[in-house]
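Thanks, everyone. I'll keep this short and go through one model on the screen.

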Amino acid sequence: MANKRGVSSRVGRGRVEAASRTRRGPISPPNEATPTTETDSELVAEPMDQCATSSTPDTTVDTAGPLSDSQPDNVHLRDELIWSDGDDDNDVILFPDAEELVRPPDTAASSSVIRLGLTQKLEESDSSEDEATLNRVGDIPLEWYKDEAHYGYDVEGRKLMKSERSALERLLGATDDPNAMRTIYDALHNEKKVLSNADLQMIFNLQRNRTPNSNYDMYADVVTDTVEFDPLNHPLARSGGPSKRKFVPAEHDMKVIAKMVRRLMKEDTTKETTEKESTEDEPTLLWDDSKVEMDTHTHFKYYNRIPKPKAAPPGTYESYRPPAEYLPSERAKQRFARLRPIDRKEHFLPKAFEALRHVPFYHHTIQDRYQRCLDLAFFPRAQRTRLVVDPSKLLPELPDPKDLRPYPERLSFQYKGHTATVRSVAVSPNGQYLATACDDHLVRIYEVLTGRLMKRYDMGAPVQQVEFSPAKTLNVLAVAVEYSLVFIVPKFAAHEVVNENTLRHLRAPGTTVGNAEDEHAVGGEVSLGGGGITQATLDKDEGAHSLLQDLHDVEERDKRAEFLDASAKERRAGIVLKIALHAKVKRFTFHARGDYLCALCPKDHVKYRQTVMLQLSKRRVFCPFRKFSEVVTDCKFHPTEPLFFLSTTNSVRMYNLLAHKLQRRYKAPGGITTCLSIHTEGDNFLVGDTTSHTQWYDCDFSDKPYKRMRSHKGVVNTVAYHTNTNAYPLFASGAADGQVHVFHGMVYDDYNKNALLVPVKILKHRRAVYAVAWHPTLPWIFTSTEDGVVSAWTE
């Protein structure tokens, strides 16, 4: 601080010298005469009359040497703003004291200090006439006086008038005022105040969290510790330190402590008994609430009483002598009179009276007291704790979808050609071909990677479903059309050995596979890559199928279904087998081995014929249910166990095929179930319904859904797991709102750990989605819509 004071004094002395040279005239160096210019007189920003009066010998400061005590008392001191080019704020003295400015300068220390600001005289006056008149309006906002000619009242009640100055005059006045940069305006007293250097120094210290008084030493009372610690002479340092045995109380000490604890406990019990005896003898106070015995409910109501609401205290509006600002004008009185009583905020207008005894009777006393009673009567008597819950904490902590890749994200292919709603799509077991079923009577087979149309069949009626056999040793494409199931062998989709095995598996014993002429008539379709497919072959095979009629209800009543061999024309086109039923086939599904098949005919009037099971190798037909009253919607076989899942309108049933009994029934809350899909491990399954919900069931957990997800805005038409959930734990749901929602569904082997379900992507379409199918080896999904477009979404 001593260095700072020295710099300040030297800088102040230099400024005094500059001012002195201005008053005396220019000072020329020894070897060069400096002419007098007009700019030399402007070094000190003072009025000309002050400069003229300060040039007398009585007020001139001698700059030849340091000031002594013999200097006159009327030396003009200057408040100056000091600035330093240093980076540290601690090394800058912004506002030195006025006394320091007259000390002798030190040119070496003040070379890096630049002075900014204006000079002013330090004048002190004790005259009471200089005190400003104070405004006595109290807490009334000053905004109320912005349209008035006065800004308040003095202590005697006289109006304090505003100064009549325009904005231009105030601007010119601030330009001519040398202290305009340090002048503030006091709106309460309508005056300007010039901040001194002491005020600026205080503001500077407060902005930097320092003490306002720079001379205050906060560490003056701190006493330094004179005790020195010698680590070599400390008891813990001289030896190896105390052993753990020293911290364990001895056996004798333990006995003493236990004896003391028993005595204390005994004294507590004796004290309680004496208190009870003394209270029985004392007289009972009638109004003493501290010793009243009450039950738990009464005790809670008594000590948790809610205080009654307090009435608002009267304000200035209700005063019998309010200020003039609260008194209404004539226009306000007329407007108040025109209002209806129900629209008025108050029943009266403020009015001034000379004394309290002149105030008349308040006519709305009874109404106000009655309203107060109503407020107390209807005040809630129950105290409820409001739950403050962060909505973000209610959401489960799910992983980032980016960490769960790969999954289908973008549209890569579109297979066009259909002119109506595509009801079903199916992918071959090797993932090379895609089959579609449409309401335009056509079944199309595309090559997935190239989009090439490999085969086209006109079935003669709207096609409900197509599906490839899941067995890799069989090359079968099943088609559900009207009252029949048609089995097609697309020879270009598999090797010749697989095709021969398929024909041998589907036909009755003793039939032949085919001859060379039939092979030649197909036009080279037997080639593995499909190179023999031509447009002539497509047109010839398209109309080869002939539609079957349903079985007669009277003559063929005993027949559940009938196997029919295809004609020679149909066999040349690849159609090898047909199965006729009594009602229209809505859904069918293959067993994992490909030999068994279950067909659903929900509109069959004979209820037990709604579910028909077929064995293709032996051409056997049987209905598993004799008495069944509910309407079936979908069915699936368990992938590894002899279990059969059948979904009805309000439940999902699981049957044991070996025991021939119902093993479990799962409830389907909500609307009618529409679709069903079984996980590849068989422990979980998905169900879609008409209430836009997708439900995840755990077979070992409960008969109710583990998760019930409502992500769609329309009827869920299809749900499907990925066929390889070990590599891609994905499932999807398609609905009538034109969206396909892709989820990450991880199932753990640990039974104590629930499945992880995370929504990862929404695939949007222009029309309603009717079918989805997963690629068997890749995270691709195929979707079909009612506009006849089949889309392929890839990662």
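When I say helix or strand, I mean a DSSP run, with at least four residues for a helix and at least two for a strand. This is a predicted model.

Start with the annotation. The unreviewed UniProt entry places the feature "repeat: WD" at residues 415-456 and 762-795. Over residues 762-795 the chain is 56% strand and 0% helix, and the C-alpha atoms at the two ends are 13 Å apart.

Next, the core. The largest nonpolar core has 27 residues, and those touching the most other members are Leu485, Phe487, Ile579 and Leu581. Elements giving two or more residues to this core include strand 14 (484-488), helix 11 (496-506) and strand 16 (575-581). Strand 16 supplies the largest share, four residues. As a general point, nonpolar side chains in soluble globular proteins tend to be buried together.

Now the surface. Tyr216, Met218, Tyr219 and Val222 make a nonpolar patch of about 490 Å². Tyrosine 219 sits in the loop between helix 4 (197-207) and helix 5 (235-238). Its relative accessible area is 59%, so tyrosine 219 counts as exposed.

Last, the cysteines. How many disulfides does a search of the whole structure find? Zero. Take cysteine 623: the closest cysteine sulfur is in cysteine 601, 9.1 Å away, which is too far for a bond, because a disulfide needs the two sulfur atoms within 2.5 Å. Is cysteine 623 buried or exposed? Buried, at 13% relative accessibility. Cysteine 699 is also buried, at 7%.

That's what I have.

Notes:
Residues are numbered from 1 along each chain as its sequence is written. This is a predicted model: local features need pLDDT of at least 70, side-chain atom pairs count only at pLDDT 80 or more; totals for chains, interfaces and linings use all residues. Side-chain values use heavy atoms; hydrogens and water are left out. UniProt positions are given in the numbering used here, feature names are shortened, and annotations may be inferred rather than shown by experiment. Patches are made of residues with over 30% relative accessible area and no salt bridge: like charges are joined within 9 Å, nonpolar side chains (Val, Leu, Ile, Met, Phe, Trp, Tyr) within 5 Å. Accessible areas come from the Shrake-Rupley method with a 1.4 Å probe; for residues, only the protein chains shown count as cover. A salt bridge is a side-chain nitrogen of Lys or Arg within 4 Å of a carboxyl oxygen of Asp or Glu. Buried means under 20% relative accessible area, exposed over 50%, partly exposed in between (1.4 Å probe, protein chains only). A nonpolar core is a set of buried Ala, Val, Leu, Ile, Met, Phe, Trp, Tyr and Cys residues joined through side-chain atoms within 4.5 Å.
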